[in-house]
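Please walk me through this model, beginning with the ligand and its surroundings and ending with how two of the helices are arranged.

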Amino acid sequence: MSSYDVIVIGSGPGGYVAAIRCAQLGLKTACVEGRETLGGTCLNVGCIPSKALLHATHMLHEAEHNFADMGLKGKAPSVDWKQMLAYKSSTIETNTKGIEFLFKKNKIDWLKGWGTIPEAGKVKVGDEVHEAKNIIIATGSEAAALPGVEVDEKTVVTSTGALELGKVPKRLAVIGAGVIGLELGSVYARLGSEVTVIEFLDAITPGMDPEVQKTFQRMLKKQGMNFVMGAAVQKTETKNGKAKVTYKLRKDDSEHEIDADAVLVATGRKPYHDGLGLDALGIRLTKRGQIAVTKEWETDIKGIYAIGDVTEGPMLAHKAEDEGMAVAEVIAGNHGHVNYGVIPSVIYTHPEVASVGETEATLKDAGRAYKAGKFSFMGNARAKAVFAGEGFVKILADKETDRILGCHIIGPAAGDLIHEVCVAMEFGASAEDLAMTCHAHPTYSEAVREAALACGDGPIHM
Ligand code: NAI
């Protein structure tokens, strides 16, 4: 029996980051992972492979739509789907091997297999039981099932199967206009699939700033995606590799069907903690099946912690990473801190969409007085030069104090631009602080500064 200061269960962004930080803080650390490779859902079948496909298909889109205008003549490239999937796989491999290297460098033992917790202080992997003064559960999430819809990962797929389809489907039905549905939907739309997104609500991307939602949907429609809004999917049926999706419109309860060659089910994810033995240990779950934890990420059992998607909060890799670093500090006897008010979220479509903090809807609900400074990328020289003038930056600031409360961006490099606002918010900055900061010309980031200026005396280029 080997014994450790910390055993982390799960090697996704939460787990592997926690393991590395624990080791850096001098704790003898092991990480349990049953997959063939480290990195969890994000690196193997989530964030990273989808970004590879988004990148490749964006290049195709640029070649088809913008190259000729820039004087780049010739035929647009044709799609070699097998090669595109191979490129995607090589991206996964470089990243998962990278984590393996970091584990070796930090002397973290990889306990290969699926872990269970037979009792506090012990983790069983295969036939071996290991002792652990502290255990961190970082087992992530899995696609939530939708009644009436049977996933076979061939014709009716979750995000995992959508990254491995045998061929590009002629017609793709996407159930759910959330992050997964829109990212993977746009991959296939760019590859030439006829994509129809069926969404229960009346707006796409629930929880996002309403103005961004509208602009985003309009831009996706322009790119060829079809939307059926206010529609609850009832069932899917498959026959000879083809599918039929039945949905009901909420406004009049009428029933409709569409045929598809593939169906992507993207209606949310749920915490994954099967087989850990939580029941027997007496670890409490929330109503939504998440592991209940204290402010220091400890479960009901002393010395057993949980972080990431398996706990409450946004299911985002970077939220899990932050909790991973923080819980390591707690275990090492230090202070661990995560600012849940400043967790950015990004959708990696083209254009990208990014947001942080409050939306106009949440501020109105809370009855808070605020001002909104908005700047269109049409006023940004750099964006216009690269056919990216659509979209805007909106900064929300407290009406009295000018303190930045939130930011919403739809436009080029939104996922990177959002971070200067995150840093500003961490420092409690005002919109004027951002507006007074020199921004290099010509960069997209000038649009952020102009939105900050719009919270005060007004932007220059509009
Ligand atoms: P989601 O919760 O973002 O969206 C699901 C959508 O499905 C909602 O709009 C919902 O109204 C709709 N829906 C539910 N039942 C339906 C039905 N019967 N018929 C029609 N529509 C229905 O879930 P998604 O996209 O599956 O993502 C899961 C999680 O993964 C999210 O928490 C997301 O933040 C995370 N994620 C984040 C990424 C990023 O940060 N770029 C990328 C991929 C996933």
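The paragraphs below take the ligand and its shell, and then a pair of helices.

The model is a predicted one, and the ligand is a convenient place to start reading it. Around the ligand there are 23 residues, of which Ile180, Glu183, Glu199, Gly268 and Val346 come nearest. By class, this shell is made up of 16 nonpolar, four polar and three charged residues.

Polar contacts to the ligand involve both side-chain and backbone atoms of the protein. In the side chain of Glu183, an N or O atom is 3.0 Å from a nitrogen atom of the ligand, while a nitrogen atom of the ligand also has a backbone N or O atom of Phe200 at 3.1 Å. An oxygen atom of the ligand, in turn, lies 2.9 Å from a backbone N or O atom of Gly268. On its own the ligand has 860 Å² of accessible area, and the protein covers 79% of that area. Two elements, helix H6 (179-190) and strand E12 (231-239), give two or more residues each to the shell around the ligand.

Helix H6 leads on to a second feature of the fold, its packing with another helix. In general, two packed helices are described by the angle between their axes and by the distance between those axes. For helix H3 (residues 47-65) and H6, the axes come within 9 Å and cross at roughly 40°. An angle from 35 to 65 degrees falls outside both the roughly parallel and the roughly perpendicular ranges, and H3 and H6 are therefore oblique to each other. The crossing in which H3 passes H6 is left-handed.

Terms used: Residues numbered from 1 in each chain as written. Predicted model: local features only at pLDDT ≥ 70, side-chain atom pairs only at ≥ 80, totals over all residues. Heavy atoms only, no water. Near = heavy atom within 4 Å. Polar contact = N/O pair within 3.5 Å; in protein donor to acceptor, adjacent residues only side chain to side chain. Areas by Shrake-Rupley, 256 points an atom, 1.4 Å probe, with all protein chains shown as cover. Helix = DSSP H or I, 4+ residues; strand = E, 2+ residues; numbered from the N terminus. Nonpolar A, V, L, I, M, F, W, Y, C, P; charged D, E, K, R; others polar. Axes fitted to C-alpha atoms, helices over the stretch in contact; angles between N-to-C directions. Parallel < 35°, antiparallel > 145°, perpendicular 65-115°, else oblique. Left-handed = near helix turned anticlockwise from the far one by under 90°.
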